[in-house]
Structures are given as structure tokens and as C-alpha cells.
Amino acid sequence: MSGVGPVKIALPAISPLVGEPIKRADAERLAGVLKAIADPARLRLLSLIQSAPEGEASVSDLTAPLGLSQPNVSHHLRILTEAGLLEREKRGVWAYYRLVPAAIAAIADLLTPPRKRATKRAR
């Protein structure tokens, strides 16, 4: 895919849920990504883009369903792109956004306790 891709934000290798202390820099990076998605409009944007035909949408596709102005939608899309959760492709005068599945999966993995913890609780 051509165009401007997501900003690469390296997430920590160790989950804060594994029982080992997470390093301050790792915690700050993870918190920045979580802050980007901790907004109802941004969560809806992720959902709308994922469910759009071909898994992509332009700002004009998103303003009406979100009920927000074009500048406001563009602002939220920029934050999600800078967090590495969306990638942006410019086609003529339009920019199209799609999810970065690896980034979403990495966050889910970091926030899912290891199976060992689930096994210990079951005992």
C-alpha cells in the first residue's frame, strides 16, 4: 500500500500483567497508545473502518455516521494514525484509512494475562 503509513510506536515486549515490573519508558509508550483509543469517537472510528467495505474508509465516509465535523474526524484519525493503529493512504485528493491488525493484536496480547495465571486461579 502506498501513501503515508502509521507511525511506528514500539510497544513493550513484557505485559504489565505478567507479574514483572514494566519499565517506565514501556509504560509511557503503552499508555500513549491506550490514551489514543480511550475516547468514544476513536473507538467508533476503529469500528466503522473495520466494518467498512474493503476495511477502509475516507473522512467523508466517517463524518455522517459519527455525527462529527470533518475537521473533528480528521483530528481523531490523525491521533489514531500517530499511535500506529491506523495507516493512511493518499489517493488523489482523498485519504483512506485502514486498521493495522498487528498493532491491535499487540495491545490485546499485552493486556491478556498469560495462561499460567488462569490455570493458577482455577485450582
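The accessible surface of the chain comes to about 7,700 Å², and carbon and sulfur atoms account for 58% of that area. These values come from a predicted model. Of the 123 residues, 32% count as buried. Contacts that reach far along the sequence are well represented: among those between residues at least 6 apart, 60% join residues at least 24 apart.

The chain contains 6 helices and 3 strands. Followed along the sequence, these elements give the pattern α-α-β-α-α-β-β-α-α.

The strands are a convenient place to begin. They form an open sheet of 3 strands in the order S1-S3-S2, with antiparallel pairing. The edges are taken by strand S1 (56-58) and strand S2, each of which pairs on one side only. On average, neighbouring strands in this sheet are turned by 30° against each other, direction ignored. Strand S2 (residues 86-91) and strand S3 (residues 94-99) pair over 6 bridges in the antiparallel sense. These two strands make a hairpin with 2 residues between them, and here glycine 92 takes a positive phi near 65°. Within the hairpin, arginine 91 has tryptophan 94 of S3 as its bridge partner. On the other side of the sheet order, S1 and S3 also run antiparallel and are joined by 3 bridges. There, glutamate 56 stands opposite arginine 98 in S3. Helix H2 (residues 40-51) lies across S1, S2 and S3, and its direction makes an angle of about 95° with S3.

The sheet also carries charged pairs. Side chains of opposite charge can pair when their charged atoms come close. A search of the whole structure finds 5 salt bridges. One of them joins arginine 91 to glutamate 56, with the closest N and O atoms 2.7 Å apart. Because arginine 91 lies in strand S2 and glutamate 56 in strand S1, this pair ties together parts that are 35 residues apart in sequence. Arginine 91 is partly exposed, its relative accessible area being 33%. Glutamate 56, by contrast, has a relative accessible area of 12% and is buried, since the buried class covers values under 20%.

Glutamate 56 also forms a salt bridge with arginine 98, where the closest N and O atoms are 2.7 Å apart. This pair again links distant parts of the chain, with glutamate 56 in strand S1 and arginine 98 in strand S3, 42 residues apart. The two residues are thus joined by a salt bridge as well as standing opposite each other in the paired strands. Arginine 98 is partly exposed, at a relative accessible area of 22%.

A further salt bridge is found in helix H4, between arginine 78 and glutamate 82, with the closest N and O atoms 3.2 Å apart. The two residues are 4 apart in the helix, so about one helical turn separates them. Both ends of this pair are partly exposed, arginine 78 at 40% relative accessibility and glutamate 82 at 38%. Elsewhere, salt bridges that share partners join Glu56, Glu89, Arg91 and Arg98 into one network.

Helix H4 (residues 70-82) also holds valine 73. How buried or exposed is valine 73? With a relative accessible area of 0%, valine 73 is buried. Leaving aside residues up to four places away in sequence, valine 73 touches Leu45, Val59, Leu62, Thr63, Leu66 and Leu68. The C-alpha atom of valine 73 is separated by 8.8 Å from that of arginine 42, a residue 31 places away along the chain.

Helix H5 (residues 101-111) shows a division between its two sides. Ala103, Ile107 and Leu110 are buried in this helix. These three residues cover an arc of only 65° around the axis, and therefore they lie on the same side of H5. The other side of H5 has Pro101, Ala102 and Asp109 exposed. As for what the buried residues of H5 meet, they pack against helix H1 (24-37).

Terms used
Residues numbered from 1 in each chain as written. Predicted model: local features only at pLDDT ≥ 70, side-chain atom pairs only at ≥ 80, totals over all residues. Heavy atoms only, no water. Pairing = 2+ DSSP bridges. Buried < 20%, exposed > 50% of the residue type's maximum accessible area, 1.4 Å probe, protein only. Contact = heavy atoms within 4.5 Å. Axes fitted to C-alpha atoms, helices over the stretch in contact; angles between N-to-C directions. Arc of directions from axis to C-beta. Areas by Shrake-Rupley, 256 points an atom, 1.4 Å probe, with all protein chains shown as cover. Salt bridge = Lys/Arg side-chain N within 4 Å of Asp/Glu carboxyl O.
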